[in-house]
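Subject: Structure handover

Hello,

I am passing on the structure we talked about. Please open it before you read the notes underneath.

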Amino acid sequence: KTVNGNSLLGGGDLVVGGAAFAALITEPTTSRTLVLTDAGSYLRHTNASASTVTVAPQASVAWIANTEIHIRRAAAGNLTLTPGAGVTLNAPSGGTLVLTDRMSVTLKRVASDAWDVIGQTVAA
């Protein structure tokens with residue numbers, strides 16, 4: 001903690017804020033619209049029927065710059081990522097906005113109403 005007798009951190013303990021891990025949210029329904037509290041979360045979709053996740057527009061949700069949301073399809077049936085009004089979802093190269101069982105993606109907000117979809121989706 002010292003260099004040449006001088007403290008690098010000063011007195012007391014170094015405290016780092018923020019959660020150590022993303023919150024785990026199990027989603028049993030077939031339809032979900034993302035909300036601000038989903039930012040930084042890990043959503044596991046467990047309903048075996050066809051399901052959708054809608055990314056709400058900036059006009060509805062005050063998304064913070066660089067927001068990330070992790071999504072996993074943890075059941076049979078397709079999970080389709082759906083853009084809200086005015087939202088652009090940039091699918092992975094050669095992919096779509098559809099996930100099947102055990103596929104995972106990260107949604108990364110890259111601009112107002114623009115999100116990159118990073119990960120594995122059904123081939124186009």
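To begin with a single contact: a polar atom of the Arg-73 side chain lies 2.9 Å from the backbone oxygen of Ala-76. Please keep in mind that this is a predicted model.

Arg-73 belongs to strand β7, which covers residues 68–73. Is Arg-73 buried or exposed, and does it have a salt bridge or none? Arg-73 is buried and has no salt bridge. The nearest side chain of opposite charge is that of Asp-101, 6.3 Å away. A salt bridge needs a side-chain nitrogen within 4 Å of a carboxyl oxygen, so that distance does not qualify. Leaving aside residues up to four places away in sequence, Arg-73 touches a long list of residues, including His-45, Asn-47, Ser-51, Leu-79, Leu-99 and Asp-101.

Now the chain as a whole. The protein chain has twelve strands and zero helices, so the order of elements from the N terminus is β throughout. The chain has 124 residues, and 31% of them count as buried. Among contacts with a separation of 6 or more, 58% are between residues 24 or more positions apart. The chain exposes about 6900 Å², of which carbon and sulfur atoms supply 55%.

Next, the nonpolar core. The largest one has 20 residues, and those that touch the most other members are Leu-34, Ile-71, Leu-81, Leu-89, Leu-107 and Trp-115. At least two residues of this core come from each of β6 (51–55), β7, β8 (79–83), β11 (104–111) and β12 (114–119). Take Leu-81 as one case: not counting residues up to four places away in sequence, Leu-81 is in contact with Val-53, Ile-71, Leu-89, Leu-97, Leu-99, Val-105, Leu-107 and Val-117.

Val-61 is worth a look too. Val-61 sits in the loop between β6 and β7, and counts as buried because its relative accessibility is 10%, where the cut-off for buried is under 20%. With residues up to four places away in sequence left out, Val-61 touches Leu-34, Val-35, Leu-36 and Ala-56. Val-35 is 26 residues from Val-61 along the chain, and their C-alpha atoms are separated by 6.5 Å.

Last, the charged pairs. Side chains of opposite charge can pair when their charged atoms come close. How many salt bridges does the structure hold? There are four, and these are the details:

- Asp-38 and Arg-32 form a salt bridge through their side chains, at 2.5 Å from N to O. Both Asp-38 and Arg-32 are buried.
- Glu-27 joins Arg-32 and Asp-38 in a network of salt bridges.
- Lys-108 and Glu-68 meet at 3.2 Å, N to O. This pair links distant parts of the chain, with Lys-108 in strand β11 and Glu-68 in strand β7, 40 residues apart. Glu-68 is partly exposed, at a relative accessible area of 31%.
- Arg-102 and Asp-101 form a salt bridge with their closest N and O atoms 3.9 Å apart. Arg-102 is exposed, with a relative accessible area of 59%, whereas Asp-101 is partly exposed at 35%.

Asp-101 therefore appears twice in these notes: it is the partner of Arg-102 in a salt bridge, and it is the nearest side chain of opposite charge to Arg-73.

Regards

Technical notes. Residues are numbered from 1 along each chain as its sequence is written. This is a predicted model: local features need pLDDT of at least 70, side-chain atom pairs count only at pLDDT 80 or more; totals for chains, interfaces and linings use all residues. Side-chain values use heavy atoms; hydrogens and water are left out. Helices (H or I, at least four residues) and strands (E, at least two) are DSSP runs, numbered from the N terminus. Buried means under 20% relative accessible area, exposed over 50%, partly exposed in between (1.4 Å probe, protein chains only). Contact means heavy atoms within 4.5 Å. Accessible areas come from the Shrake-Rupley method with a 1.4 Å probe; for residues, only the protein chains shown count as cover. Lys and Arg count as positive and Asp and Glu as negative; His and the chain ends are not counted. A polar contact is a pair of N or O atoms within 3.5 Å; within protein, one must be able to donate a hydrogen and the other to accept it, and residues adjacent in sequence count only if both atoms are side-chain atoms. A nonpolar core is a set of buried Ala, Val, Leu, Ile, Met, Phe, Trp, Tyr and Cys residues joined through side-chain atoms within 4.5 Å.
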